[in-house]
Each structure stands twice: as structure tokens, then as C-alpha cells.
Amino acid sequence: MELALITMGKICEMFVILLIGALAFKTGILDSASNKHLSSLLLKVISPALIFMSYQIDFEPERLQGLILMLGLSLLSYVWSILVVNLALPKGKNGNVEIERISAIYSNCGFIGIPLINAIVGKEGVFYMTAYITIYNLMIWSHGLATMCGTTDIRTVLKNFVQPATIAIGLGIICFVGRIHLPSVIANPLDLVGDMNTAVAMLVAGCNLMESDLIGALKRPRSYYVCFLKLLLVPFVSILILKFIPVNSLFITTLLVAIACPAGAMGTMMALQYDKDSNYATELFTLTTIFSLVTIPIVILLMGILIR
């Protein structure tokens with residue numbers, strides 16, 4: 001219960017920043033161009049800085065083992081998530097099933113997950129969240145790409161896997177294992193840059209919501225079903241499975257926060273690239289983002305009740 005209340009408090013704080021971003025967009029302080037630049041700054045500079053600095057901790061064999069364990073758990077979580085979503089969203093007359101599956105399986109683990117886990121448990125959580133992000137990048141550009149367009153090009157997978165976040169993870173692991181600690185004159189500025197992650201992420205999210213067709217999203221009944229799958233069913237199944245896996249609560253909390261995050265913007269980007277219904281993908285991104293403000297604390301509360 002205590003962790004659920006902490007999570008709810010942190011989400012409320014993030015929601016206030018989101019509203020500030022929405023207000024800034026509505027009043028013209030921010031526009032589509034500046035929002036795009038902020039998003040690029042977040043993904044290419046701020047989040048990588050936060051990720052890298054999460055590895056600037058003392059090397060302990062237990063932490064390395066935990067990182068490897070988290071990689072395995074993350075991969076397994078995608079296996080059961082894909083099975084659940086494919087069963088709940090079978091291919092049929094609905095021509096947007098590919099978009100729905102991508103939205104229900106792949107969460108906004110970097111954009112929302114990193115600032116949220118950082119707020120709940122600190123850099124130790126970010127440290128292990130990087131394992132989930134690594135598997136996410138591998139899966140979205142292999143299984144996700146195959147789901148959206150029907151084929152997977154290994155060159156495309158490898159090319160898109162090399163992102164600022166994965167580079168930061170690689171460099172961070174090297175420094176962690178090699179016991180390389182940056183001097184304070186470099187580490188302190190990087191910490192300050194990384195600390196902007198939550199604020200900038202929520203400002204961008206607020207702008208994105210103002211740019212989307214929220215009214216149109218609310219009018220499509222099937223969208224609510226996909227939101228239910230993404231935000232409640234998949235996390236609930238994950239809780240039931242994790243209940244029988246004897247791992248530290250920190251790993252479970254980090255993994256569930258990542259899974260319970262709303263749908264990511266990657267669904268929209270892939271829909272645009274492969275001539276799918278990008279408007280529908282944006283609607284799902286919008287609705288899951290709004291509903292997650294309520295569902296993430298519910299997931300954490302259920303975790304506390306069912307996993308002891």
C-alpha cells in the first residue's frame with residue numbers, strides 16, 4: 001500500500017508538469033517545432049545522461065548478476081506479453097490489429113518508465129530499467145517490425161538498435177565493470193542534465209496530448225479494449241507469473257513499472273513508415289497515457305497485495 005501511495009504521489013507530480021506542458025502548448029509558448037526539438041534533446045542527450053550516470057556506482061558482483069537476471073526477466077516478460085496480446089487480439093476483419101498489438105505489447109518504458117522508476121526507487125531502479133530498455137530495443141526492431149510490416153531485415157534491426165540510449169547503456173556497463181568513475185567536474189554536470197529527464201519528458205508528453213485528437217480517441221469504443229489489455233490485463237498476468245519467481249522486490253517493481261507504462265510513440269512512427277493508420281496509433285498513445293495515471297498505481301497496489 002505504501003509503495004502504491006508513493007507511486008500515486010509521484011504520478012500526480014508528473015501529471016502537474018504534463019499539464020504545464022499542455023498549457024505552454026495551448027498558449028503558444030511551445031509549438032510543434034519546439035516540442036520536436038525538446039523530444040530530440042530528451043531522447044539523445046538527457047535520458048542517455050541519466051542512464052549512463054546510473055552505472056556510476058561501485059561495482060559489486062551482485063549488481064552485475066542482477067543486471068543479467070533483469071535481462072532474462074525482461075525477455076521472458078515479452079514472451080508472455082506477446083502470447084496474451086495475440087490471443088486477445090486475433091487477426092481477423094479488423095485491419096488495425098497490427099497497430100493494436102504493437103501498442104499493447106511495447107510500452108513507453110524510456111519516456112515514462114525511467115522518470116517514474118527514478119522517482120519511486122532512485123538510480124538503482126534506473127540501473128535495472130536499462131536492462132528492460134535493451135530488450136525493448138531488440139524486440140521492437142525484430143518482432144515489432146515483423147508484426148507491423150510482415151518482414152524483418154536483420155540490417156534494419158541492427159541499425160535501429162544502435163541508439164543514444166543503448167550506447168549509453170554500453171558505455172555505462174564498461175565503466176561499471178571496469179570500475180571507471182568520472183571525475184566530479186564531469187559527473188556533476190551529467191547528473192544535472194540527467195535530473196531534467198522527468199520535467200522535460202512530461203512537458204513533451206503534455207504537448208503531444210494537445211497535438212492529438214483526444215475527442216476522436218474517446219469516441220472509438222475498441223480503443224478502450226486495447227487500453228484495458230495494455231494497462232491492466234498484461235500487467236495483471238505479469239503479476240501472477242512473477243508471484244512464482246523468487247526474485248528481489250526491486251526487480252519486480254522495476255519490471256512491472258516498465259510493463260504498466262502506456263503505449264509508446266513507436267507505434268505511431270512505425271505506422272507512418274509502413275502506411276498504416278497512424279491516427280489510430282496516436283489515439284492509443286493518447287488514451288493509454290491518460291489512463292495510466294490511474295492504472296499504474298493500481299498495478300503497484302495489486303503487486304503489493306499478491307506478491308509478498
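**A guided tour: rings, a helix and cysteines**

The count of aromatic pairs in this predicted model comes to 10, where rings of Phe, Tyr and Trp (its six-membered ring) pair if their centres lie within 6.5 Å, with planes under 30 degrees apart counted as stacked, over 60 as edge-to-face and the rest as tilted. Because the model is predicted, local features need pLDDT of at least 70 and side-chain atom pairs count only at pLDDT 80 or more, while totals for chains, interfaces and linings use all residues. Residues are numbered from 1 along each chain as its sequence is written, and side-chain values use heavy atoms, with hydrogens and water left out.

Select Phe127 and Tyr128 to begin: their rings form an edge-to-face pair, 4.9 Å centre to centre with 80° between the planes. Phe127 is buried, with a relative accessible area of 0%, and Tyr128 is buried too, at 4%; here buried means under 20% relative accessible area, exposed over 50% and partly exposed in between, using a 1.4 Å probe and protein chains only.

Keep Phe127 selected and add Phe176, whose ring centre is 5.2 Å from that of Phe127, with the planes at 65°, so this pair is edge-to-face. The pair links distant parts of the chain, since Phe127 is in helix H6 (residues 123-149) and Phe176 is in helix H8 (residues 164-177), 49 residues apart; helices (H or I, at least four residues) and strands (E, at least two) are DSSP runs numbered from the N terminus. Phe176 is buried, with a relative accessible area of 1%. To see the wider group, select Tyr55, Phe59, Phe127, Tyr128, Phe176 and Phe251 together, which ring pairs link into a cluster.

Next, go to Leu3, which is found in helix H1 (residues 2-26) and counts as partly exposed at 26% relative accessibility. Leaving aside neighbours within four places in sequence, Leu3 is in contact (heavy atoms within 4.5 Å) with Ile120, Thr253, Ile300 and Met303. Add Gly304 as well: Leu3 and Gly304 are 301 residues apart in sequence, yet 7.8 Å apart in space, C-alpha to C-alpha.

Finish with the cysteines. How many disulfides does a search of the whole structure find? The search finds zero, a disulfide being a pair of cysteine sulfur atoms within 2.5 Å. Select Cys12, which is partly exposed at 44% relative accessibility, and whose sulfur is 16 Å from the closest cysteine sulfur, in Cys261, too far for a bond. Then select Cys109, which is buried with a relative accessible area of 3%; the closest cysteine sulfur to its own is also in Cys261, at 7.1 Å, too far for a bond.
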